[in-house]
Amino acid sequence: MTDVIINLGYLVAAIFFIVGLKGLTHPRTAVRGNLFGACGMLLAIVITLTNHNIIGFEVILIGILVGAVIGALLATKIEMTSMPELVALFNGFGGIASVLVAGAALIESTLRTHFGAGGHGPLMQVTVATAASGLIGAVTFWGSLVAFGKLKGLISENAVLFKGQQVVNAILALLALALSVSVVMDPANISAYWLLVLVASLLGILLTIPVGGADMPVVVALLNSYSGVAAAATGFVLSNNVLIITGSLVGASGLILTKIMCKAMNRSLTNVLFGVMGPAAESATADEVYAGRVTSASPEEVALLFDAARRVVIVPGYGMAVSQAQQPLANLASMLAERGVEVEYAVHPVAGRMPGHMNVLLAEADVPYESLKDMDDINPYIDQMDVALIIGANDVVNPLARTDPSSPIAGMPIIDVDKARTVVIIKRSLSPGFAGIPNPLFAADNSLMLFGDGKKMVLDILAALKDT
Amino acid sequence: MDVLIAGITIFVLSIFVGFEIITKIPPTLHTPLMSGSNAISGITLVGAILSAGAQHTMFTATLGGIAVVFATINVVGGFMVTNRMLEMFKKKPSS
């Protein structure tokens with residue numbers, strides 16, 4: 001096929017991607033949107049296979065077969081609770097693919113020069129893009145692997161910090177920059193490229209290691225953006241428009257999500273990536289906040305409370321995912337609904353380990369899409385709620401964010417559950433959340449603590465409710 | 001130079017299109033958005049196929065081949081898992 005037809009085909013594929021993403025704006029059209037995206041991808045692949053430069057199909061077919069089997073297995077076997085790990089892993093794979101493709105393209109272009117076929121060496125713009133692709137791709141790959149390890153619990157979920165970390169990072173960044181210049185100046189020296197990839201790999205690890213568990217949504221979103229930018233850079237290497245378009249779409253998407261996550265924590269991106277949360281020096285200790293003020297309740301008492309309620313809001317957090325409480329929780333909600341109670345879910349943007357994590361888990365448990373409410377939508381009428389049930393969430397409902405300007409979470413938007421008539425908190429203990437500060441909500445007059453494992457407690461409430 | 005200018009133009013305009021569309025996606029669908037956009041960022045597969053198929057040297061073909069595997073995992077896995085999630089969101093209203 002001629003280049004014109006190939007490029008027009010790529011344009012059609014890009015349109016499919018854009019229309020597909022647009023479909024994701026509503027659950028009704030989302031499945032179709034995703035199919036559109038897949039069709040666009042299929043089209044792009046088929047067109048590419050007609051390229052006259054391709055002389056053998058064995059490697060391609062074997063590669064696609066192996067990749068498709070692994071991808072399909074991962075996609076069908078994964079538990080919904082493990083979705084953040086899987087997305088992190090896929091991000092990384094996109095990154096490493098960019099590294100390899102840019103490396104191969106660099107070698108090919110210098111070969112052409114040696115044999116006099118191309119006349120001159122690779123153009124400056126190509127080598128700049130190659131260096132960018134190698135750098136961003138390698139950071140994405142290793143950063144994603146670290147994120148995967150943290151989410152899976154293979155490495156410490158806590159922030160790993162050591163003295164001089166910033167200095168080491170700065171040196172590595174400068175080194176990467178110098179190597180990039182070297183790649184641009186002397187493309188024939190391939191080893192400079194692989195050295196760049198090596199340094200970028202170290203950088204990727206060191207940049208992700210200091211990020212703590214609850215900040216993971218930001219990192220996963222940011223790596224998502226990087227994988228797009230790496231693809232776009234590879235597009236510049238190959239002068240391939242479909243890569244540039246698609247890569248920048250994904251880059252923009254990841255960046256928006258990153259911004260939303262940061263805003264939801266009232267922290268800047270630099271603060272999330274480099275700073276740990278400030279020490280809570282001024283704020284009260286756990287003993288001062290909790291001493292003698294915490295009221296604990298039994299599942300039976302909570303069931304009575306629900307029995308008398310007309311409106312209930314459920315606030316899920318990462319703890320719900322950990323104890324796999326989503327299904328019993330959904331059953332509890334539907335039982336209440338059958339008794340005429342209006343049940344809604346309030347989901348904080350950073351609840352869980354990736355954007356939208358809670359929503360996916362609740363959707364899996366057959367919770368109707370309409371009852372999943374965003375923080376900003378539910379806060380204005382949360383004072384009309386008879387019962388607010390908090391399960392596995394802590395910092396996102398801590399009223400200190402509103403009241404204590406010296407608190408590390410000061411100014412972070414929270415779900416104002418303390419305004420509900422009664423607040424029930426299912427939690428294993430009074431231990432602090434990620435921010436490391438006590439939560440006065442647990443000691444409030446209208447709060448009841450239900451100490452125990454999330455899933456077990458919900459099942460106990462369900463059983464008690466059946467008896468009433 | 002023309003190719004570069006065209007590339008940069010496309011790049012910048014696509015970012016704007018991306019911002020316009022993606023800000024309209026509700027937070028509830030953010031996880032599928034991530035896995036779905038992740039799948040389409042596997043478009044690097046196109047470049048991988050070219051390297052693997054052109055076979056300039058054994059080494060570049062191998063690099064291309066490995067890249068094909070990684071990118072295909074990204075593409076196939078990404079679309080399938082997104083579909084799985086979105087089906088869960090869809091079935092609700094009818095039941």
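**Helix α8 of chain A and the contact between chains A and B**

In this predicted model, 23 of the 23 residues of α8(A) are buried, so this helix is largely enclosed by the rest of the structure; a residue is called buried if 20 or more other C-beta atoms, placed from the backbone, lie within 10 Å of its own, exposed if 12 or fewer do, and partly exposed in between. Helices are DSSP runs of H or I with at least four residues, numbered from the N terminus. Helix α8 of chain A comprises residues 216–238, and its end C-alpha atoms are 33 Å apart, which agrees with the 33 Å that 23 residues should span at 1.5 Å a residue, the expected span being 1.5 Å times one less than the number of residues. The helix is followed by A:Ser239, whose phi is positive, near 50°.

A:Arg112, which lies in helix α4 (residues 83–114) of chain A, is partly exposed, with 16 other C-beta atoms within 10 Å.

Between the chains, 80 residues of chain B are in contact with 96 residues of chain A, contact meaning that the C-beta atoms of two residues, placed from the backbone, lie within 7 Å. The largest share of the side of chain B that touches chain A, 31 residues, comes from α4(B).

The predictor gives the complex an ipTM of 0.93 and a pTM of 0.89. Residues are numbered from 1 along each chain as its sequence is written, while chains are lettered from A and ligands numbered from 1 in the order in which they are written. Because the model is predicted, local features need pLDDT (the predictor's confidence in each residue, from 0 to 100) of at least 70 and side-chain atom pairs count only at pLDDT 80 or more, whereas totals for chains, interfaces and linings use all residues.

Notes
Helices (H or I, at least four residues) and strands (E, at least two) are DSSP runs, numbered from the N terminus.
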